[in-house]
Each structure stands twice: as structure tokens, then as C-alpha cells.
Amino acid sequence: MKQDPQLSEEPKRRRTKTPDEALAALMRLCARAEKTESDARRLLDGWGVAEAEARRIVERLVRERFIDDARYAAAFVREKLRLSGWGAYKIRAALRRKGIDPGLIDEALAQADEEGMRGRLHEMLARKARTVKHASGRELKTKLIRYGLSLGYEYDAVLDDAAAITRQQYPCDEY
């Protein structure tokens, strides 16, 4: 029978690393996947590395280009646009939560293909229209608008595409 962890006498031990071990671990992690400065700081804090040492490690990782927030932001934007179908608002919010500088976010989003984003929005809404249950054109349009906004697209673009898709299914009513 398992013992309840809260009843155990031993306190939960925090996994600690020396600064050299932490640097080596972060170099391995950054070589496999893009990381941000805030990701590195969070990991170092979890490993119990002192603040001064953590700052030195992060500076070295940035200097040696293991960490580059601009590169991370550009890759994140590409991935979320192509694979997840996210809009600019949702991408911007996610990058802010990651601690990316707003200027870097703006640069990464400026490189995004606006026409490709609009096409992706229309495709996502059309797919949703085929699967969502609705009793009327108005209900369909409302659900499509809610879905498009949850993906992080601009209200006007969502409204236009939702209206167009609704008109295709309910041609005699004006929505």
C-alpha cells in the first residue's frame, strides 16, 4: 500500500545542481530545442543556483547564442501560425507570458504572412462549421465568431469570414 506523501516524515528534496552542472544541462537543452531567457532562469531557480551565478550562466548562453529570444519568437510565430492555426493576439499573449520583449514580438509578427493568416482563419472556421451543432444560421455564426476569437484572430476578420460561411449554408437569410 502506498503511503500518503503528506504523511511521510522526510521533506521532499529539491534537486540541486552546481553552476557547472546547470550550465552543461542548459547547453544540452538549448541544443535540442529553443529556450527563452525566462525558461533558463526558471530552470536555474528550480535547480537552486544562486542569483549571481544564474545571471552569469544566462549571459554566457546568450553570448554563445544558445539562447536568442528573437530567434525563439520567430520560430514560435511560424509554428503557431502553421501548425496550431493561432492568430496574432493569441501568439502575442503567449510570448508575453514567456517574458519575450514586446519589440521582439512585434518584429516576429511583422514577418508573418497576413494573407496566409486570413486563409488559415477561413479554413479553420469552415472546418468548425462542418462539425458544430447549430439550430439556425444565427447560432452557427455566433459559434464561429466565438471560435475564431478564441484562436486569437482580429474581430473584423472573424466577423467577415463567419458571415461568409454562414451565408453559404443559409443563403436566404442576412447575417
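## Aromatic cluster, salt bridges and a charged patch

Tyr72 and Phe76 are both buried. The model they belong to is predicted. Helix H4 spans residues 69-84, and these two residues sit four apart in it, so about one helical turn separates them. Their ring centres are 6.0 Å apart and their planes meet at 25 degrees, so the pair is stacked.

Phe76 also pairs with Trp86. Here the ring centres are 6.2 Å apart and the planes stand at 70 degrees, so this pair is edge-to-face. Trp86 lies in the loop between H4 and helix H5 (88-97), while Phe76 lies in helix H4, so the contact ties together parts 10 residues apart in sequence. Trp86 is buried, as is Phe76. Tyr72, Phe76 and Trp86 make up one aromatic cluster. The structure has two aromatic pairs.

**The chain as a whole**

The chain has nine helices and zero strands. It has 175 residues, of which 36% count as buried.

**Salt bridges**

Side chains of opposite charge can pair when their charged atoms come close. This structure holds 13 salt bridges. Three of them are set out here.

| Salt bridge | Closest N to O distance |
|---|---|
| Arg41 and Glu37 | 3.5 Å |
| Asp39 and Lys98 | 3.1 Å |
| Arg92 and Asp106 | 2.5 Å |

Arg92 lies in helix H5 and Asp106 in helix H6, so their bridge ties together parts 14 residues apart in sequence. Arg92 is partly exposed, at 22% relative accessibility. Asp106 is partly exposed too, with a relative accessible area of 41%.

Arg41 and Glu37 both belong to helix H2 (residues 37-46). They are four residues apart there, so about one helical turn lies between them. Arg41 counts as partly exposed at 35% relative accessibility. Glu37 is partly exposed, with a relative accessible area of 26%.

The bridge between Asp39 and Lys98 links distant parts of the chain, 59 residues apart: Asp39 is in helix H2, and Lys98 is in the loop between H5 and helix H6 (102-110). Asp39 is buried, with a relative accessible area of 6%. Lys98 is partly exposed, at 26%.

**A negative patch**

Asp113, Glu114, Glu115, Glu154, Asp156 and Asp160 form a negative surface patch. Helix H7 (114-131) and helix H9 (155-169) are the elements that give two or more residues to the patch. Asp160 has its place in helix H9. Its relative accessible area is 45%, so Asp160 is partly exposed.

Key: Residues numbered from 1 in each chain as written. Predicted model: local features only at pLDDT ≥ 70, side-chain atom pairs only at ≥ 80, totals over all residues. Heavy atoms only, no water. Patch = residues over 30% accessible without salt bridge, like charges linked within 9 Å, V, L, I, M, F, W, Y side chains within 5 Å. Areas by Shrake-Rupley, 256 points an atom, 1.4 Å probe, with all protein chains shown as cover. Salt bridge = Lys/Arg side-chain N within 4 Å of Asp/Glu carboxyl O. Lys, Arg positive; Asp, Glu negative; His and termini not counted. Charge placed at Lys NZ, Arg CZ, Asp CG, Glu CD. Buried < 20%, exposed > 50% of the residue type's maximum accessible area, 1.4 Å probe, protein only. Phe/Tyr/Trp six-rings, centres within 6.5 Å; stacked < 30°, edge-to-face > 60°.
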